[in-house]
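Visitor: I am new to reading protein models, and I would like to learn how to find what lies inside one and what lies on its surface. Could we go through the features slowly, with the general idea before each case?

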Amino acid sequence: SKEKETEEEKERKEERTISLQVANLHLEGHWKETSKRFSQIRSLLKRCQARLNHQRPSEALIFICGDFN
């Protein structure tokens, strides 16, 4: 007779897709204009979140690089 699969065994068999997003950001505005610069970062993070809404955090990788000065 067949033994019942454990949840762990079932998970190992499932195909997983890991999403990778790479964002290259150059903040605009004078370095003293913090609210403008935070707004730019917030906009980027919202776009990343919208693309990853359906995924578990452990299956999504986001690399944010660029000129932050």
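Visitor: Which residues form the largest nonpolar core?

Guide: The general idea is that, in soluble globular proteins, nonpolar side chains tend to be buried together. A nonpolar core is here a set of buried Ala, Val, Leu, Ile, Met, Phe, Trp, Tyr and Cys residues joined through side-chain atoms within 4.5 Å, where buried means under 20% relative accessible area, exposed over 50%, and partly exposed in between, with a 1.4 Å probe and protein chains only. In this predicted model, the largest such core has five residues, namely A23, L25, L27, L44 and C48. Strand β1 and helix α2 each supply at least two residues of this core; helices (H or I, at least four residues) and strands (E, at least two) are DSSP runs, numbered from the N terminus.

Visitor: Where is L27 placed, and which residues does L27 touch?

Guide: L27 sits in the loop between β1 (19-26) and α2, and L27 counts as buried because its relative accessible area is 6%. Contact means heavy atoms within 4.5 Å, and, when residues up to four places away in sequence are not counted, L27 touches R37, Q40, I41, D67 and F68. One of these partners, I41, is 14 residues from L27 in sequence, while the two C-alpha atoms are 8.0 Å apart in space. Another core residue, L44, is in contact with A23, L25 and I64, again leaving aside neighbours within four places in sequence.

Visitor: Which residues does strand β2 bring into contact with other parts of the chain, if I take C65 and G66 as cases?

Guide: C65 lies in strand β2 and is in contact with V22, A23, N24 and L25, leaving aside its neighbours within four places in sequence. The C-alpha atoms of C65 and V22 are separated by 7.7 Å, although their positions lie 43 residues apart along the chain as the sequence separation. G66, also placed in strand β2, touches N24 and L25 by the rule that leaves out residues up to four places away. C65 is partly exposed because its relative accessible area is 35%, and G66 is partly exposed because its value is 41%.

Visitor: Which residues form a nonpolar patch on the surface?

Guide: Patches are made of residues with over 30% relative accessible area and no salt bridge (a side-chain nitrogen of Lys or Arg within 4 Å of a carboxyl oxygen of Asp or Glu), with like charges joined within 9 Å and nonpolar side chains (Val, Leu, Ile, Met, Phe, Trp, Tyr) within 5 Å. Here I18, L20, V22, L61 and F63 form the patch, with about 520 Å² of accessible area together, as given by the Shrake-Rupley method with a 1.4 Å probe, where for residues only the protein chains shown count as cover. L20, in strand β1, is exposed because its relative accessible area is 52%.

Visitor: How should I read the confidence of the protein?

Guide: The predictor's confidence in each residue is called pLDDT and runs from 0 to 100; where pLDDT is low, the predicted coordinates should not be read in detail. The protein averages a pLDDT of 80, and 81% of the residues score at least 70. Confidence is lowest in helix α1 (residues 7-13), at a mean of 68, and highest in helix α2 (residues 34-52), at 89. Residues are numbered from 1 along each chain as its sequence is written, and side-chain values use heavy atoms, with hydrogens and water left out. Local features need pLDDT of at least 70 and side-chain atom pairs count only at pLDDT 80 or more, whereas totals for chains, interfaces and linings use all residues.
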